[in-house]
Amino acid sequence: MLRAMLTAAAAVAALLAPATAHAHAGAGGPGVPPLTDGQGRVLTLRGWNIEDKTHRGEQALSAITERHLRDLRAQGFGFARLLVFWDDLEPRPGQYSERYLRRIERVLDWAGRQDVRVVLDAHQDVFGPAFGHRGIPEWATRTDGLPFTPHPDDWFAEYFEPAVQRAFTHLYEDHDLRRAQARMWRTLATRFAGHPAVLGYDLINEPMGEPRPGEDLPAAARRVEREQLTPMYNRLAGAIRPADRDAWLFVEPTPVVGEGVPTGLGRIRDPRVVYAPHFYDTAMEAGADYDPGAGWIEAYERAVTAYPRRYRVPVVVGEWGPPDSSLPHMNRFYRDAMASLGRYASGWAGYVWCYGGGYCALDGTGAFRVNKELTVEPYAEAVAGTVRSAAYDPGAGGYRLVYRAAPRGSRVSVLSVPPGAWRITAQGGAVVRRTAGRAWVRAAPGEVVTVTVRRG
C-alpha cells in the first residue's frame with residue numbers, strides 16, 4: 001500500500017520534470033539563500049550522518065569513536081549529523097541522563113579537534129522503543145489502544161500502523177507532551193550552546209502523522225506539515241532560543257517530499273532556520289537500481305526548492321544515499337545526485353559514516369564502498385564574500401570558485417581539498433596557503449577572486 005502510493009506520486013511528478021540536469025555546484029541556488037557562519041562567510045557543508053542505534057543506556061554512543069571523525073575529515077568532509085535519542089536522554093519523565101550528555105559531549109569534542117561542524121539530530125525511527133525502535137520515550141507514547149503489527153521485512157511500513165500514527169498525533173497535540181519535548185530541547189541547547197563544534201539542531205527526524213478518513217498520502221502529509229509540524233517547530237524554536245541564540249534550527253518535512261511532493265510547512269518564526277529534507281527514492285530503498293530516465297531527481301529538485309524560495313531559507317539535505325551502491329546504474333546516480341545537490345543546497349549529510357555493509361560509506365578496511373567515493377570533491381567550506389559561481393567538473397577533475405571578497409570582516413576563505421595531488425591557483429590578488437586537506441585564501445576587500453583546484 002505505502003510503496004504503491006508513493007510510486008504513483010513519483011510517477012506523476014516525473015511526467016512534469018525536466019529531462020536533464022546540469023552539473024553545477026554552488027552554495028544555495030536561484031532564489032535560495034546560502035547558509036552562513038558567525039563571520040558572515042558563505043558555508044557549504046559536506047559530510048555524513050554518524051550514529052549508534054544499537055547501544056543504549058550505559059553503552060549509548062559507544063560504537064562511535066574518534067576514528068569516525070578523523071576519517072571523515074581526512075576525506076575532506078567537514079560536517080556530521082549526529083543522531084541523539086530522546087529515550088536515552090530522558091529515560092523517565094524529568095530525569096535527564098548526565099551520562100548521556102557527557103557521551104554526546106565526548107563526540108562533540110572529537111569533532112572539534114577535527115574541525116568538523118555538527119548538527120544534533122533528535123532522531124526517531126517508527127516513533128520509538130514502544131514499537132521496537134529508537135526515539136521518543138515509551139512514557140511519551142500514547143496509542144489509545146490502537147493496533148500495531150511489526151513488519152520485519154519492511155520497517156518503514158510500520159509508520160502506517162494505527163498505533164504509531166496515533167502516537168504522533170498525541171505528540172503534536174497533547175499539552176504535557178509538547179512541554180516535555182520543549183524541555184528536552186531546552187536541556188540539549190543549554191548544555192551545548194557554547195560548544196564550538198555545534199552548528200545547529202535538527203528538531204525531529206522524518207516526522208510522520210495520522211491521515212484523516214478519505215485523505216490520500218500527499219494530502220495528509222501537507223496537512224500534518226501545515227497544521228502540526230509548523231506549530232511544533234515554532235514551539236521548539238521558542239524553547240531553544242533563550243539558551244542558544246546563534247545555532248541554526250534544521251526543520252524537516254515528512255518523508256513524502258522525497259517523492260516529488262512539495263511540503264505544506266508554513267513559516268517558522270526564527271531568523272536562523274534551515275530547511276532539511278531527506279533525499280530518498282522509494283524504489284531504490286526497496287533494492288531497485290537507479291533509473292536515469294525516470295525523472296525522479298529532477299522532480300525532487302523542483303519540489304524541494306519551492307519552500308526555501310518562498311520563505312527565503314537555506315537548504316541542507318540531512319540524509320541521502322541508497323542501500324546498495326553497487327548496482328549497474330549507481331555510478332550514474334551518484335554523479336546525477338551530486339550535480340543536483342550542488343545546484344540548490346548549501347550542503348548535505350550522506351547516510352551513513354560507518355564501516356561495513358548496507359548503507360555504510362566504508363567497508364571494514366576503511367575504503368569507500370563502490371561508487372561512494374564519488375561524494376569526494378573539492379569544495380569551498382567557507383567563502384568570505386559573495387559567491388558568483390562555484391563548479392566542479394568530475395570529468396576534468398577540476399573545481400573553480402569565483403567570488404567577490406567581503407568589504408569588511410573576515411578576509412579568509414577555506415577550501416576543502418581531498419586526498420591526492422592537487423594544484424591550487426588564485427587570481428585577483430589573493431594569497432593561498434596550503435595545509436593538510438585545506439587551502440586558505442586571503443583576499444583584499446572587494447576584490448574579485450578566482451580560485452582553481454586541479455588534479456596533478
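In the predicted model, a disulfide joins Cys354 and Cys360, with 1.9 Å between their sulfur atoms. The cut-off for such a link is a sulfur pair within 2.5 Å, and by this rule the count comes to one disulfide. The link of Cys354 and Cys360 is left-handed, with -105° about the S-S bond. Residues under 20% relative accessible area are classed as buried. Cys354 has a relative accessible area of 19% and is therefore buried. Cys360 also counts as buried, at 8% relative accessibility.

A domain annotation comes from the UniProt record. The unreviewed entry lists residues 64–354 under "domain: Glycoside hydrolase family". Over residues 64–354, helix accounts for 40% of the chain and strand for 11%. The C-alpha atoms at the two ends of residues 64–354 are 9 Å apart.

Strand S15 covers residues 412–416. Five of the five residues of S15 are buried, so the strand is largely enclosed by the rest of the structure. In a regular strand, side chains alternate between the two faces of the sheet. In S15, Val412, Val414 and Ser416 lie on one side, while Ser413 and Leu415 lie on the other. These residues are all buried, and both faces of S15 are thus covered.

S15 has pairing partners in strands S12 and S18. Strand S12, made up of residues 379–383, pairs with S15 in the antiparallel sense over three bridges. Within this pairing, Leu415 of S15 stands opposite Ala380. Strand S18, residues 438–442, also pairs with S15 in the antiparallel sense, over five bridges. Here Arg438 in S18 is the bridge partner of Ser416. Leu415 and Ser416, which take part in these pairings, are both among the buried residues of S15.

A further group of strands forms an open sheet. This sheet has four strands in the order S13-S14-S19-S16, and the pairing is antiparallel. Its edge strands are S13 (385–393) and S16 (422–427), each of which pairs on one side only. From one strand to the next, the twist averages 10°. The edge strand S16 pairs with strand S19, residues 448–455, in the antiparallel sense over six bridges. In this pairing, Arg423 has Arg454 in S19 as its bridge partner.

How values were computed: Residues numbered from 1 in each chain as written. Predicted model: local features only at pLDDT ≥ 70, side-chain atom pairs only at ≥ 80, totals over all residues. Heavy atoms only, no water. UniProt positions renumbered as here; feature names shortened; annotations may be inferred. Buried < 20%, exposed > 50% of the residue type's maximum accessible area, 1.4 Å probe, protein only. Pairing = 2+ DSSP bridges. Axes fitted to C-alpha atoms, helices over the stretch in contact; angles between N-to-C directions.
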